[in-house]
Amino acid sequence: MKSLHLPPWLQATPFALVFALFLVLPLLLVATVSFWQATDYELIPAFTVKNYVDVFNGCANTEELCVTLKTYLSTLKFCVLVWAITLLLGFLVAYFLAFHVQSTSMQTLLFVLCTVPFWTSNVIRMISWVPLLGRNGLVNQGLLGLGVVDSPVEWLLFSDFSVVLAFVHLYTMFMIVPIFNSMKRIDPALIEASRDSGATGWQTVWNVVVPLCRTGIVIGSIFVVTIVMGDFVTIGVMGGQQIASVGKVIQVQTSYLQFPMAAANAVILLATTLMMVWALTRVVDLRREL
């Protein structure tokens with residue numbers, strides 16, 4: 001019996017339908033609503049750019065940054081800090097697993113240990129920092145007991161520090177996995193050749209390992225950047241509802257039923273994030289590397 005050979009376009013049709021239904025259609029709806037008008041009682045499907053104008057209200061003033069630009073700078077600040085820290089930690093952990101742990105079973109065990117925090121929800125993992133970092137938490141009690149400080153450290157919780165700490169705790173794994181997969185593809189003979197040529201360990205890492213795992217670095221960076229840019233739960237919980245971010249602004253606008261304004265902010269955020277992803281993909285051709 002001859003096997004049934006379907007044309008490529010027909011084989012891709014189910015995936016295209018899923019893609020269109022769960023990604024393209026929602027994005028089109030958000031973009032459409034961003035041009036609607038809204039009153040206190042109803043949404044009016046009439047075309048207007050007022051929502052986008054209101055988003056950048058006051059940004060023409062060159063003497064002081066407007067609220068929107070300040071919010072984006074705050075979000076980008078967290079994004080860059082979290083990206084840099086997760087990249088460093090992810091690279092170190094992946095390097096250790098790939099080149100210093102020889103047993104496959106041990107690598108698997110260590111990976112499972114890395115995923116243990118993911119067995120609980122993000123909110124629970126964030127709340128778990130409160131008893132540690134709070135004014136009367138274990139860290140402050142330890143510092144006071146050792147005489148390191150005279151009064152509780154206030155910036156440990158509900159601050160930029162706690163937000164970045166929670167982000168790193170939540171998303172470092174997204175950097176470890178793709179970098180580790182790229183490192184496992186590196187031929188060990190290349191490492192040996194570098195050492196035989198007299199290269200130091202740092203030179204081997206910088207000139208051999210890093211260029212060969214660029215794909216994993218870029219993929220992990222895309223994961224971290226896109227998640228942090230749109231996150232509002234982490235900033236809300238760990239920032240004590242006092243730190244602004246674009247995702248938090250959209251969430252607040254949605255809670256007040258300002259859907260067109262929230263949709264306009266979402267479109268601008270999406271465009272900004274896509275530009276960042278595009279910049280990352282210029283580092284390496286993912287289609288060719290994968």
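**Group meeting: a predicted chain, residue by residue**

I'll start with one residue: phenylalanine 158 has a relative accessibility of 41%, so it counts as partly exposed. It belongs to the loop between α7, residues 138-146, and α8. Its phi is positive, about 55°, although phenylalanine 158 is not a glycine. For context, most residues other than glycine have a negative phi. Please keep in mind throughout that this is a predicted model.

Glutamine 241 is another case, with a positive phi of about 60° and, again, no glycine at that position. Its place is the loop between α12 and α13. Glutamine 241 is exposed, at 52% relative accessible area. Then there is leucine 257, which follows α13 and has a positive phi near 65°.

Now the overall picture. The protein chain has 15 helices and 2 strands. Along the principal axes, its C-alpha atoms fill a box of roughly 80 × 70 × 45 Å. Of the 290 residues, 35% are buried. If you take contacts between residues at least 6 apart in sequence, 68% of them join residues at least 24 apart.

For a single pair of positions, take phenylalanine 47 and phenylalanine 232. They are 185 residues apart along the chain, and their C-alpha atoms are separated by 29 Å. Phenylalanine 47 sits in the loop between β2, residues 43-44, and α2. With 66% relative accessibility, phenylalanine 47 is classed as exposed.

Next, helix α8, residues 160-184. Does its length come out as expected, or not? At 1.5 Å a residue, its 25 residues should span 36 Å, and the end C-alpha atoms are 35 Å apart, so the two agree. The helix does contain a kink, though, of about 45°, centred on tyrosine 171.

Tyrosine 171 also brings us to the aromatic residues. The count is 10 aromatic pairs in this model. I'll describe two of them, and a pair of rings is described by the distance of the centres and the angle of the planes.

One is phenylalanine 35 with tyrosine 52, a tilted pair with 5.2 Å from centre to centre and 40° between the planes. This pair links distant parts of the chain, 17 residues apart: phenylalanine 35 is in the loop between α1 (8-33) and β1 (37-38), while tyrosine 52 is in helix α2, residues 50-55. Phenylalanine 35 is partly exposed, at 25% relative accessibility, whereas tyrosine 52, at 17%, falls under the 20% cut-off and so counts as buried.

The other is phenylalanine 174 with phenylalanine 223, an edge-to-face pair, 6.2 Å centre to centre with 65° between the planes. Here the partners are 49 residues apart, phenylalanine 174 in helix α8 and phenylalanine 223 in helix α11, residues 214-230. Phenylalanine 174 is partly exposed at 29% relative accessible area, and phenylalanine 223 is partly exposed at 38%. Ring pairs also join Phe167, Tyr171, Phe174 and Phe223 into a cluster. Tyr171 in that cluster is the residue on which the α8 kink is centred.

One more ring, with a charge this time: the charged end of lysine 77 sits over the ring of phenylalanine 78, 4.9 Å from its centre.

Helix α11 also carries serine 221. Is serine 221 buried or exposed? It is buried, with 1% relative accessible area. Apart from neighbours within four places in sequence, serine 221 is in contact with Trp83, Met175 and Leu280.

On to helix α13, residues 246-255. Its buried residues include Val246, Gly247, Lys248, Ile250 and Gln253. What do the buried residues of α13 pack against? They pack against α3 (67-99), α11, α12 (233-238) and α14 (259-281).

Last, the cysteines. How many disulfides are there? The count is 0. Cysteine 79 is in no disulfide, and the nearest cysteine sulfur, on cysteine 66, is 19 Å away. A disulfide needs the two sulfur atoms within 2.5 Å, so cysteine 79 does not qualify. Cysteine 79 is buried, at 2% relative accessible area. Cysteine 114 is not in a disulfide either: its nearest cysteine sulfur belongs to cysteine 213, 17 Å away. Cysteine 114 is partly exposed, with a relative accessible area of 25%.

That is what I have; questions are welcome.

Methods:
Residues are numbered from 1 along each chain as its sequence is written. This is a predicted model: local features need pLDDT of at least 70, side-chain atom pairs count only at pLDDT 80 or more; totals for chains, interfaces and linings use all residues. Side-chain values use heavy atoms; hydrogens and water are left out. Buried means under 20% relative accessible area, exposed over 50%, partly exposed in between (1.4 Å probe, protein chains only). Helices (H or I, at least four residues) and strands (E, at least two) are DSSP runs, numbered from the N terminus. The expected span of a helix is 1.5 Å times one less than its number of residues. The bend at a residue is the angle between axes fitted to the seven residues ending there and the seven starting there. Rings of Phe, Tyr and Trp (its six-membered ring) pair if their centres lie within 6.5 Å; planes under 30 degrees apart count as stacked, over 60 as edge-to-face and the rest as tilted. A charge sits over a ring if NZ of Lys or CZ of Arg is within 6 Å of the ring centre and within 35 degrees of the ring normal. Contact means heavy atoms within 4.5 Å.
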